[in-house]
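Hi everyone, thanks for coming. I'd like to walk you through a structure that is probably new to you, so settle in and have a look at the screen.

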Amino acid sequence: MEMVNLKINGIAVSIEKGSTILDAARKIGIEIPTLCFMKHINEIGACRICIVEANEGRGFRLVTSCVYPVSEGMEVLTNSEKIQKARKTTLELILSTHDKSCLSCVRSTNCELQKLCNEYGVDQTNFEGDKPHYEKDLSTAHLVRDNNKCILCRRCVAACKQQYVSVIGPNQRGFDTSIGQAFDLPLNNTPCISCGQCTAVCPTGALTEKDDTDKVWDALADPDKFVVVQTAPSIRATIGECFGKPIGTNVEGKMVAGLRRLGFDKVFDTDFGADLTIVEEANELVERIKNGGTLPMITSCSPGWVKFCEFYYPDLIPHLSSCKSPQQMAGAVIKTYYAEKMGLDPKNIVVVSVMPCTAKKFEIGRDDQSAAGVPDVDIALTTRECARMFSRLGIQFDLLPDEEFDNPLGDDTGAAVIFGATGGVMEAAVRTANAWLNGASEPIELEAVRGTDAIKEATVNLAGTDLKIAVASGAAAAKMVMDKLKAGNPDGWGFIEIMGCPGGCVNGGGQPIQPQYVRDTVDLKAVRAKALYDQDKGMALRMSHESPVIKTLYSEWYDGFGGHKAHHDLHTSYVKREKYTK
């Protein structure tokens with residue numbers, strides 16, 4: 001590979017030809033500030049914060065480091081007086097139309113614009129003039145768009161495009177430009193899949209999840225309500241980041257302790273819902289294979305993916321497993337089996353979930369999600385909302401002891417834990433299918449479907465028959481898979497796992513916000529997923545059907561696998577959705 005030699009702040013660096021100045025600076029440990037840049041996704045040089053001085057033999061001149069290519073013998077300055085003045089002026093221009101209500105902004109202290117203004121000493125602007133005002137878009141269950149805080153970086157637009165959906169983009173031109181939907185439609189009138197990837201990359205408070213924490217505080221304060229909380233498999237590997245823990249730290253015990261201190265009557269693990277999902281999905285797959293059902297069967301645990309299918313591939317809905325997601329299955333069991341065991345009226349139980357996913361806020365309001373005649377889940381929080389509740393109550397996360405989930409709905413297996421990573425659902429399902437059909441006593445290690453590749457494939461032998469399987473994560477990868485199914489399934493897949501977010505739940509739209517330079521330089525998906533696979537490896541039970549609570553549930557409540565009662569409580573239906581509505 002041809003290398004290019006240059007100097008940055010007098011330090012020699014050698015880097016591959018075609019690299020940018022930003023790449024070269026990062027190679028020697030210099031972080032040039034950016035606002036619009038997202039590596040491989042949004043490389044447009046629009047915000048001008050990343051400007052540096054470059055000399056290619058014609059004297060130093062200002063260039064944008066995120067898109068400007070290195071050249072042999074180039075000299076670069078990254079923080080001269082001229083550069084600092086230019087960046088400060090740019091920040092003042094951005095602030096001239098920015099809503100500066102930082103004290104009440106949910107992104108305060110974790111805002112990339114605020115951080116840069118602090119570093120460059122910008123607390124006011126010299127550019128006062130016309131300041132547009134925008135009404136907030138509150139039309140969806142999962143998201144708030146506040147264009148008064150938008151800096152037109154277009155990172156959300158790039159993230160939405162990466163997800164194939166592309167329901168947001170720039171409207172108008174020049175000073176009147178704003179980010180929104182075509183024809184200024186409300187977001188809920190578009191084929192938005194609620195994945196929340198836009199909120200994860202927004203550098204300010206222009207895009208945030210809809211905050212439902214006040215609903216939880218109200219429920220906890222109501223003496224007539226029995227309030228329980230359940231946490232998704234991936235939360236233990238991510239919530240620690242909100243409290244300064246290294247990325248990928250498993251903080252399950254402290255998370256449980258924190259939730260107990262918030263005042264919940266019970267703290268349950270959604271992992272038992274994941275184990276339940278696997279047992280139901282495995283049974284459904286076997287039934288489809290035996291009885292000539294629609295194949296390939298596709299997993300249905302990701303509400304963003306399900307919504308994507310309903311919008312963009314409604315003719316292929318019969319391929320979806322009818323299983324509810326682990327969140328909804330857990331809620332259904334709490335309000336039926338657990339309610340009867342504890343002598344509780346389901347109407348007085350409030351089920352709160354802590355999820356990695358903003359689409360979960362949409363899912364709890366779907367039809368056919370009410371096993372007990374009331375919603376299976378009442379309130380869905382993101383990881384970020386849960387962390388804010390801890391902070392509001394003054395919980396010192398680092399000082400918490402490690403505590404365990406409440407039983408009986410706190411038991412889980414390693415198969416449930418890996419649900420949070422792309423490929424985890426498939427591996428968990430194959431473990432149980434392998435045990436049932438091949439008589440295997442040890443869990444299969446399905447390395448072929450691990451990792452962060454967008455699409456992965458493998459072949460497993462079940463009862464003497466080769467079953468081709470595929471795993472896809474991210475809506476763009478889902479599109480590639482679904483297009484192949486429309487073309488007749490030339491790869492012969494029999495079972496497919498699809499997650500709406502790239503990398504699966506560990507990279508969900510409700511996970512902790514990391515600055516873009518971290519997202520550019522650290523593989524969040526892989527590091528977070530490793531924490532889940534490490535926990536799985538060390539667990540005594542690693543196959544869903546081995547879970548004691550699952551065994552008890554089916555013997556006491558569901559009268560074995562595949563029964564009518566289980567189907568009523570744990571399965572759901574889907575609808576064709578119109579892409580645009582007035």
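I'll begin with the whole chain and then turn to one helix.

Please keep in mind that this is a predicted model. The chain holds 19 helices together with 17 strands. Its radius of gyration is 25 Å, close to the 25 Å that the globule rule gives for 582 residues, so the chain is as compact as a globular protein of that length. If you draw a box around the C-alpha atoms along the principal axes, you get roughly 80 × 60 × 50 Å.

How much of the chain is buried? Of the 582 residues, 60% count as buried. Looking at contacts with a separation of 6 or more, 73% come from residues 24 or more positions apart. On the outside, the chain exposes about 23400 Å², and carbon and sulfur atoms supply 50% of that. As for charge, there are 64 positive and 75 negative side chains, with the centres of the two sets 5 Å apart.

Now for the helix I picked, H14, which runs over residues 424-438. From first C-alpha to last, H14 reaches 20 Å, close to the 21 Å expected for its 15 residues at 1.5 Å a residue. Is H14 covered or open? Mostly covered, as 12 of its 15 residues are buried. Among them are Gly424, Met426, Arg431 and Ala435.

And what does the covering? The cover includes helices H8, H13 and H17, along with strands S15, S16 and S17. Finally, just after H14 comes glycine 439, with a positive phi near 70°.

Key
Residues are numbered from 1 along each chain as its sequence is written. Side-chain values use heavy atoms; hydrogens and water are left out. Helices (H or I, at least four residues) and strands (E, at least two) are DSSP runs, numbered from the N terminus. The radius of gyration is taken over C-alpha atoms; the globule rule is 2.2 Å times the number of residues to the power 0.38. Buried means under 20% relative accessible area, exposed over 50%, partly exposed in between (1.4 Å probe, protein chains only). Contact means heavy atoms within 4.5 Å. Accessible areas come from the Shrake-Rupley method with a 1.4 Å probe; for residues, only the protein chains shown count as cover. Lys and Arg count as positive and Asp and Glu as negative; His and the chain ends are not counted. The place of a charge is taken as NZ of Lys, CZ of Arg, CG of Asp or CD of Glu. The expected span of a helix is 1.5 Å times one less than its number of residues.
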